[in-house]
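Okay everyone, thanks for coming. Let's pull up the structure and walk through it together.

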Amino acid sequence: MKKILSTVLVLMSSVIVCVAQERKLELTDVRNDVGTIYVMMEKGGETPVYLMAKAVAGTTVIALPEMKTGEWLVSVLHDENENRNMDFTEDKKAKEGFARMPVQIKEGEAKNLSVRMIYLTE
């Protein structure tokens, strides 16, 4: 019995527990906490990934689902008035925040992805 117990303890102590780290998308320079952030991530030949979160002034962090490796194009809208559209001024400038940039997702890497928001109006 002692031999079995010691064998079990040795086996248990040699088990390595792997914890999957969640990858996140960090949207920086978010102007305010009004409205909703909408994200679309595209990769050629793949179904786009759609995400949304309540806006958080400064940095809004969104958890990403499991995604295939490679380059993805991230498009973001900070919909401050929650009409689900990009609003424009009379001279055709975007009234709300946006971003569009490629990001690289690498296998086994849990590095957060960072995208800076752009606002053209006050």
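Let's start at L25. Which residues is L25 in contact with, if we leave aside its neighbours within four places in sequence? The list runs V39, T60, V61, I62, L64, V74, L113 and V115. Keep in mind that this is a predicted model.

Now, L25 also turns up in the largest nonpolar core, which has 23 residues. Together with L27, I37, V39, M41, V74 and V76, L25 is in the group that touches the most other members. And who supplies this core? At least two residues come from each of β1, β2, β3, β5, β6 and β7.

So let's look at the strands, sheet by sheet. A bit of background: strands in a sheet pair through backbone hydrogen bonds, and they can do that parallel or antiparallel.

One open sheet has 3 strands, in the order β4-β1-β7, and its pairing is mixed. The edges are β4, residues 58-63, and β7, residues 113-116; each has a single partner strand, so one side of each has no neighbour in the sheet. Going from one strand to the next, the twist averages 20°. If you zoom in on β1, residues 24-30, you'll find it running parallel to β7, with 4 bridges joining them. For example, T28 in this pairing has R116 in β7 as its bridge partner.

The other open sheet I want to show you has 4 strands, ordered β3-β2-β5-β6, and here the pairing is antiparallel. Its edge strands are β3, at 49-54, and β6, at 97-105, and each of them pairs on one side only. Ignoring direction, neighbouring strands in this sheet are turned by 20° against each other on average.

Let's stay with β5 for a moment, residues 70-79. On one hand, 9 bridges join β5 to β6, running antiparallel. Across that pairing V74 stands opposite M101, and W72 stands opposite V103. On the other hand, β5 pairs with β2 over 7 bridges, again in the antiparallel sense, and there E42 faces L73. Is β5 mostly enclosed or mostly open? Well, 8 of its 10 residues are buried, so the rest of the structure largely encloses β5.

Okay, on to charges. How many salt bridges does the structure hold? There are 3.

Take D29 and R116: their side chains meet in a salt bridge, at 2.8 Å from N to O. D29 sits in strand β1 and R116 in strand β7, 87 residues apart, so to speak of distant parts of the chain being linked is fair. D29 counts as partly exposed at 41% relative accessibility, while R116 counts as exposed at 55%.

Next up is E80 with R31, where the closest N and O atoms are 2.8 Å apart. This pair links distant parts of the chain too, with E80 in the loop between β5 and β6, R31 in the loop between β1 and β2, and their positions 49 residues apart. Buried or exposed, what is E80? It's buried, because its relative accessible area is 17% and the cut-off is under 20%. R31 is partly exposed, at 28%. Beyond four places in sequence, E80 touches several residues, including N32, V34, K95 and Y119.

Last one: K68 and E46, meeting at 3.5 Å, N to O. K68 is in the loop between β4 and β5 and E46 in the loop between β2 and β3, so this pair ties together parts 22 residues apart in sequence.

Conventions:
Residues are numbered from 1 along each chain as its sequence is written. This is a predicted model: local features need pLDDT of at least 70, side-chain atom pairs count only at pLDDT 80 or more; totals for chains, interfaces and linings use all residues. Side-chain values use heavy atoms; hydrogens and water are left out. Two strands pair if DSSP finds at least two bridges between them. Axes are lines fitted to C-alpha atoms, for helices over the stretch in contact, and angles run from 0 to 180 degrees between N-to-C directions. A nonpolar core is a set of buried Ala, Val, Leu, Ile, Met, Phe, Trp, Tyr and Cys residues joined through side-chain atoms within 4.5 Å. Buried means under 20% relative accessible area, exposed over 50%, partly exposed in between (1.4 Å probe, protein chains only). Contact means heavy atoms within 4.5 Å. A salt bridge is a side-chain nitrogen of Lys or Arg within 4 Å of a carboxyl oxygen of Asp or Glu.
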